[in-house]
Amino acid sequence: NMELYDGKFYSAFKDVWSSIKSRYGLNDKQIEQVMIAVNLFKPLTEVYSDLVLNKCPEFIANEKDSEEDKKLQEILDSTEFTKELLEKVFIDAYALGNGLFRVSREEGKVAIDVVTPNMWFPVVKKDNKNIFTHHVIAYKYSETESNIVLGTTQTNKLGVEIHEKGIVTYR
């Protein structure tokens with residue numbers, strides 16, 4: 001329904017609107033706030049239609065079929081990028097508001113991993129909240145150590161990756 005897509009809830013939900021009004025005793029403004037707060041119709045319909053049609057964004061390096069593009073397509077195929085995008089990142093974006101990848105090199109090959117958004121902490125410029133200066137990824141992990149005196153011990157630790165343009169710092 002294009003009315004939903006355009007955020008025209010009243011005309012799209014005339015019957016539902018009056019039912020909510022009489023059932024819960026809410027006024028038009030209160031109902032409108034509820035409807036606005038859950039306005040996921042446009043992004044959901046776009047993502048859903050793309051998924052139904054098995055449409056994924058097209059990634060091209062330089063020009064289509066150039067050497068750079070062929071290398072990019074090889075990387076995307078070897079990392080199963082499209083599968084990860086459809087199965088994990090879209091779900092994270094829908095549920096948590098963001099979908100993130102981490103690109104790295106492992107054993108001489110490019111690796112693309114999905115990062116859970118609740119491990120991501122963006123750092124922005126003090127005077128412009130729309131410009132990211134760093135991306136911090138923080139996660140808990142356990143380390144098991146063997147010691148003749150103490151036996152086997154397990155230590156909980158916090159791993160931190162600070163990403164800035166061209167540099168990653170691990171702590």
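In this predicted model, strands β1 (residues 100-106) and β2 (residues 109-115) run antiparallel to each other and pair over seven bridges. Glutamate 106 sits across from lysine 109 of β2. The hairpin made by β1 and β2 leaves two residues between the strands. One residue to look at here is glutamate 107, which lies in the loop between β1 and β2 and has a positive phi of about 50 degrees although it is not a glycine. Most residues other than glycine have a negative phi. With a relative accessible area of 84%, glutamate 107 is also exposed, since anything over 50% gets that label.

A second hairpin turns up further along the chain. Strand β5 (residues 151-164) pairs with strand β6 (residues 167-170), again in the antiparallel sense, over four bridges. Isoleucine 162 faces threonine 169 of β6. There are two residues between β5 and β6, and the positive phi in this turn, about 80 degrees, belongs to glycine 166.

On to the helices. Helix α6 spans residues 67-78, 12 residues in total, and its first and last C-alpha atoms are 17 Å apart, close to the 16 Å expected at 1.5 Å a residue. Its buried residues are Asp69, Ile75 and Leu76. Viewed down the axis of α6, these buried residues fall within an arc of 120 degrees, so they line one face of the helix. That pattern has a simple background: an α-helix has 3.6 residues a turn, so residues three or four places apart point the same way. Glu67, Asp77 and Ser78 are exposed on the other side of α6.

Both ends of α6 have something going on. Ahead of the helix, serine 66 is part of the loop between α5 and α6. Serine 66 has a relative accessible area of 14% and so is buried, the cut-off being 20%. Its side chain makes two backbone contacts: the side chain of serine 66 reaches the backbone oxygen of alanine 61 at 3.2 Å, and a polar atom of that serine 66 side chain lies 2.7 Å from the backbone oxygen of glutamate 63. Asparagine 62 is found in that loop between α5 and α6 too, and its phi is near 60 degrees, a positive value in a residue other than glycine. Unlike the buried serine 66, asparagine 62 is exposed, with a relative accessible area of 60%.

Just after α6 comes glutamate 80, with a positive phi of about 55 degrees. Glutamate 80 lies in the loop between α6 and α7 (81-96). At 44% relative accessibility, glutamate 80 counts as partly exposed. Glutamate 80 also ties this part of the chain to the first hairpin: isoleucine 112 is 32 residues away in sequence, yet the two C-alpha atoms are 8.6 Å apart in space. Isoleucine 112 falls within β2 (residues 109-115).

As for the aromatic rings, searching the whole structure gives four aromatic pairs. One of them joins tryptophan 120 and phenylalanine 132 in a tilted arrangement, 6.1 Å centre to centre with 50 degrees between the planes. This pair links distant parts of the chain, with tryptophan 120 in strand β3 and phenylalanine 132 in strand β4 (residues 128-147), 12 residues apart. The two partners differ in exposure: tryptophan 120 counts as buried at 15% relative accessibility, whereas phenylalanine 132, at 43%, counts as partly exposed. Another tilted pair is formed by tyrosine 139 and tyrosine 141, whose ring centres are 6.2 Å apart and whose planes meet at 45 degrees. Both tyrosines are partly exposed: tyrosine 139 has a relative accessible area of 27% and tyrosine 141 one of 33%. Ring pairs also join Phe59, Phe81 and Phe101 into a cluster.

Finally, a word on confidence. The protein chain has a mean pLDDT of 80, and 78% of its residues reach 70 or more. Within the chain, confidence is highest in strand β3 (residues 120-125), at a mean of 94, and lowest in helix α5 (residues 41-52), at 60. Where pLDDT is low, the predicted coordinates should not be read in detail.

Notes:
Residues numbered from 1 in each chain as written. Heavy atoms only, no water. Pairing = 2+ DSSP bridges. Expected span 1.5 Å × (residues − 1). Buried < 20%, exposed > 50% of the residue type's maximum accessible area, 1.4 Å probe, protein only. Arc of directions from axis to C-beta. pLDDT = per-residue confidence, 0-100. Phe/Tyr/Trp six-rings, centres within 6.5 Å; stacked < 30°, edge-to-face > 60°. Polar contact = N/O pair within 3.5 Å; in protein donor to acceptor, adjacent residues only side chain to side chain.
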